[in-house]
Amino acid sequence: MATRQITFQIAANPPPRLDKALSRDVPEAAALSRTRLARLIAAGAVTVDGAVAGDAKARVAEGAQVSITVEAAEDSHIGAEAIPLDILHEDDDLIVVDKPAGMVVHPAPGTPSGTLVNALLHHCGDALSGVGGVKRPGIVHRIDKDTSGLLVVAKSDAAHHGLAAQFEAHSAERRYLAVCHGVPDAGDPRLRGVRGAGFEPGNVLKLTTRLARHRTDRQKQQVVFAGGRHAVTRVRVLERFGLPAVAALVECRLETGRTHQIRVHMAHAGHGLVGDPVYGGRRKPAARALSPVAMEALLGFPRQALHAAVLGFSHPVTGAPLRFETPPPGDMAALITTLRPAGS
């Protein structure tokens, strides 16, 4: 199997662990994450001053000569499938797709095929230079199966490393469109009593909590205020539906990106997403607030009305700013149109 050799010297004041020192000093062009470096150390692929280094926790001295042997990427065990993709951008390092609702991002025990990764393996073929030593697309963020919209996926280790850093630093722009029950408005006194909820200028609802796995249902997330992971969502009302208003089209801007974050936060605020079978509930609005057709559309929408509409980030290799926007798919667009008053 083909290999490449990476050699460099440990700089001044190295961290106390070998894996951390390598992560700091390895040439950026090598695109080796700390996790990947730890695996290479364990595999005996790293030498320090000519001796094999097998302990990631070992100390390393300033000026030490490091050599890393990296084998060519292996083929993935995941099967490639000829599934159509809506591609907005592609280059040697990354690909941006508009994922349809109903498609799972990554294979799992319950969904071993038909996923976005299966489709990307077929589409990219030999263009994948390897992520973590395997020819596979690098998934740095996900959206739920029944959420539609934009995803960026790495095709190379360098892109995976750079994109992951941006998502970890929360510097990527992510905006979602959603249809929710009720209207999250600063004038609603109920929201003043919701812990973690506050309003910013422009009637923007800011939800700041922590999120953790549900105590009894491990497939769900729940709002907590001790433990868990920090989560911030901002919500802006774009349109109101009904007289009186019983639903709204909102823009949700993620500061963090936790599992089910928007769905959990909106439910916590009392404005669960229309069609959400897990967090949204099935509200029964006032009978005369909407026309019978609009009411049927609202109550019968079969999935969470959530679409990843805007995605912005810096290209992880060139540094160029990239920003993509896509409208809601047909089913959600039809719902919004149906909820609008006649003639609007």
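## The four-stranded sheet

Four strands make up an open sheet in the order β1-β4-β2-β3, and their pairing is antiparallel. Its edges are formed by β1 (3-9) and β3 (51-52), each of which pairs on one side only. The model described here is a predicted one.

The pairing of β1 with strand β4 (residues 65-71) is antiparallel and rests on seven bridges. Within this pairing, Gln5 has Thr69 of β4 as its bridge partner. In a regular strand, side chains point alternately to one face of the sheet and the other.

## A hairpin of β12 and β13

Strand β12 (residues 197-200) pairs with strand β13 (residues 204-213) through four bridges, in the antiparallel sense. One of the residues involved is Gly198, whose bridge partner in β13 is Lys206.

Three residues separate β12 and β13, and the two strands form a hairpin. In the turn, Gly202 has a positive phi of about 90 degrees.

## The largest pocket

The largest pocket holds about 1,300 Å³ of space. Its lining consists of 39 residues, and those nearest the centre of the pocket are Arg142, Asp144, Arg258, Thr259 and His260. By character, the lining residues comprise 15 nonpolar, twelve polar and twelve charged.

Several elements contribute to this lining: α4 (157-168), β11 (173-181), β13 and α5 (261-268) each provide at least two residues. Strand β13 of the hairpin is thus named among the contributors to the pocket. At the level of domains, residues of the lining come from both domain 2 (75-169) and domain 3 (175-339), and the largest pocket therefore lies between these two domains.

## Cysteines without a disulfide

A disulfide is a covalent bond that links the sulfur atoms of two cysteines. The count of disulfides in this model is zero. For Cys180, the closest cysteine sulfur is that of Cys252, at 7.5 Å; because a disulfide requires sulfur atoms within 2.5 Å, this is too far for a bond. Cys252 is likewise in no disulfide, the nearest cysteine sulfur being that of Cys180.

Cys180 has 0% relative accessibility and therefore counts as buried, since the limit for that class is under 20%. Cys252 also counts as buried, because its relative accessibility is 0%.

## Backbone features in the loops

Most residues other than glycine have a negative phi, and most peptide bonds are trans. Several places in the loops of this model depart from one or the other pattern, and they are described in turn.

Asn13 has a positive phi, near 50 degrees, although the residue is not glycine. This asparagine is placed in the loop between β1 and α1 (18-25). With a relative accessibility of 67%, Asn13 counts as exposed, because that class begins over 50%.

His170 is a further non-glycine residue with a positive phi, in this case near 60 degrees. The loop between α4 and β11 contains His170. Its relative accessibility of 33% means that His170 counts as partly exposed. The two elements that flank this loop, α4 and β11, each supply at least two residues to the lining of the largest pocket.

The peptide bond between Leu243 and Pro244 is cis, with omega at about 0 degrees. Pro244 belongs to the loop between β15 (229-241) and β16 (247-254).

Notes: Residues numbered from 1 in each chain as written. Predicted model: local features only at pLDDT ≥ 70, side-chain atom pairs only at ≥ 80, totals over all residues. Heavy atoms only, no water. Pairing = 2+ DSSP bridges. 1 Å grid on protein atoms, 1.4 Å probe; cavity = no way out; pocket = protein on both sides within 12 Å on 5 of 7 lines; lining within 4 Å. Points joined across faces, edges and corners; volume = space filled by probe spheres on them. Nonpolar A, V, L, I, M, F, W, Y, C, P; charged D, E, K, R; others polar. Domains from an automatic or database assignment. Buried < 20%, exposed > 50% of the residue type's maximum accessible area, 1.4 Å probe, protein only.
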